[in-house]
Amino acid sequence: MKTILIKCGGSVIDQLSEGFFSSIKKLQHDGFHIIFVHGGGPDINEMLDLLSVKAEFHNGLRKTTEEALAVVEMVLSGKTNRKLVDLLRKNDLYAVGINGTDDNCLQASMIDEENLGYVGNVEEVNNKLIIRLLEEGYIPVLTPLGITEDGIKLNINADYAASAVAKSLKVEQCLFITDVDGIMIDGEVASLIGKEEVLQYIEEGQITGGMVPKVTSALAAIDSGLNSAMIVSGKKEFYSAEIWNGTKIVANERLYK
Ligand SMILES: Nc1ncnc2c1ncn2[C@@H]1O[C@H](COP(=O)(O)OP(=O)(O)O)[C@@H](O)[C@H]1O
Ligand SMILES: CC(=O)N[C@@H](CCC(=O)OP(=O)(O)O)C(=O)O
C-alpha cells in the first residue's frame, strides 16, 4: 500500500485552499492512500486564554499540567479534529477522526515530568486501526495525544507524532503542511535541502521557532528510511502531475543535483 502522511499544522487549518484539497484528490488519483496527523497549537492557546490560563513553552513544547491536558484534549479532539474532518468531507474526501489514544494507537512515555508535565514522546505506534481504515479507503485524521502503558494520557507535539506514524507505516512521503511556502533561507524558499544543511541552518538561526520541530521530525523520518520529507504550504496547490511545491528535505542533497 502506497501511503502519504500529511501533518497539518494548526497555523494553517483555517486557511486551507481549494488547491490543497485538489492536490489530495490528485494524490489519491495517482494511487496514494492518505493519512493526516493534525496540530492545533493556536486553538489550544485561544481556549487557554479564554480560561485565563497562561500558555507556557519549554524547548518548543507546551508545559502541560493535568488541568491544561484536559483543555488540550477537549480542544484538539473536540474542535480541531472536527474542523479538519468536516473540511475534508465537505471537499468529498472520506475522512474519519481518531484520537491518538484510541486503540492505544500512540503508545507514549513522559519526556520530562518536572519541566513539561503531561507531555510525551511516541514509543510505539499500534497501527492496526489506521491500516484498517486506510485499506477501506478512508482518510484517518489522527489527534496527537498519546497514552502510557499505565493508561495516562499525554500531549504530544504534532510534528513528532507525524514522524513516528510515518516511520511505522513506512510511508512514501511525509508532508508538513504549514503557513509558509517552504523553508526560507536568505529570504527565498529553498527547493532542496540536505540533512547537514538543515542542521547548519538551525545552528545559524536561519531555521527557528515552530520550523525547528518540523525539520527535526522530517530528519527523523528520513533517518528511519524515508527518501524525503517536505515542508509545504496549505494555502496553495502543492501537487500536480507528479510535481511537488515546497521544500524537499533529503539525507544528502548532492545525490539529487
Ligand atoms: N527558515 C524558515 N522558513 C520558513 N518559516 C520559518 C523559518 N524559521 C522559522 N519559521 C517559522 O515557522 C513557522 C511555521 O511553524 P508553526 O507556526 O509552528 O506552524 P504549524 O502550526 O504549521 O506547525 C512559520 O510561519 C515561520 O514563522
Ligand atoms: C507538547 C506540545 O507542544 N503539543 C502541542 C500539540 C499541538 C501541536 O503540535 O500543534 P501545531 O502543529 O499547530 O504546533 C501543543 O500543545 O501545542
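## Two ligand shells

Ala, Val, Leu, Ile, Met, Phe, Trp, Tyr, Cys and Pro count as nonpolar, Asp, Glu, Lys and Arg as charged, and the others, Gly among them, as polar. By that scheme, the shell around ligand 1 holds 6 nonpolar, 10 polar and 1 charged residues. The structure is a predicted model.

In total, 17 residues surround ligand 1. The closest are Gly-9, Ser-11, Thr-178, Gly-210 and Met-211.

Ligand 2 is surrounded by 17 residues. Here the closest are Gly-10, Gly-39, Gly-41, Arg-62 and Ala-158. The shell divides into 7 nonpolar, 9 polar and 1 charged. Helix H2 (41–50) supplies at least two of its residues, and so does strand E4 (61–62).

## The sheet

Strands of a sheet pair through backbone hydrogen bonds, either parallel or antiparallel. In this model, 8 strands form an open sheet with mixed pairing. Their order is E5-E8-E2-E1-E11-E15-E18-E14. Strand E5 (95–99) and strand E14 (192–194) are the edge strands, and each pairs on one side only. On average, neighbouring strands are turned by 20 degrees against each other, direction ignored.

Take one pair from this sheet. Strand E11 (residues 173–178) and strand E15 (residues 228–233) run parallel, joined by 5 bridges. Thr-178 stands opposite Ser-233 in E15. Thr-178 is also among the closest residues to ligand 1.

## A helix across the strands

Helix H6 (residues 158–169) lies across four strands: E1 (3–8), E2 (33–38), E8 (139–143) and E11. H6 runs at about 175 degrees to E1. Ala-158, one of the closest residues to ligand 2, belongs to H6.

Notes. Residues numbered from 1 in each chain as written. Chains lettered and ligands numbered in written order. Predicted model: local features only at pLDDT ≥ 70, side-chain atom pairs only at ≥ 80, totals over all residues. Pairing = 2+ DSSP bridges. Axes fitted to C-alpha atoms, helices over the stretch in contact; angles between N-to-C directions. Contact = placed C-beta atoms within 7 Å. Near = placed C-beta within 6 Å.
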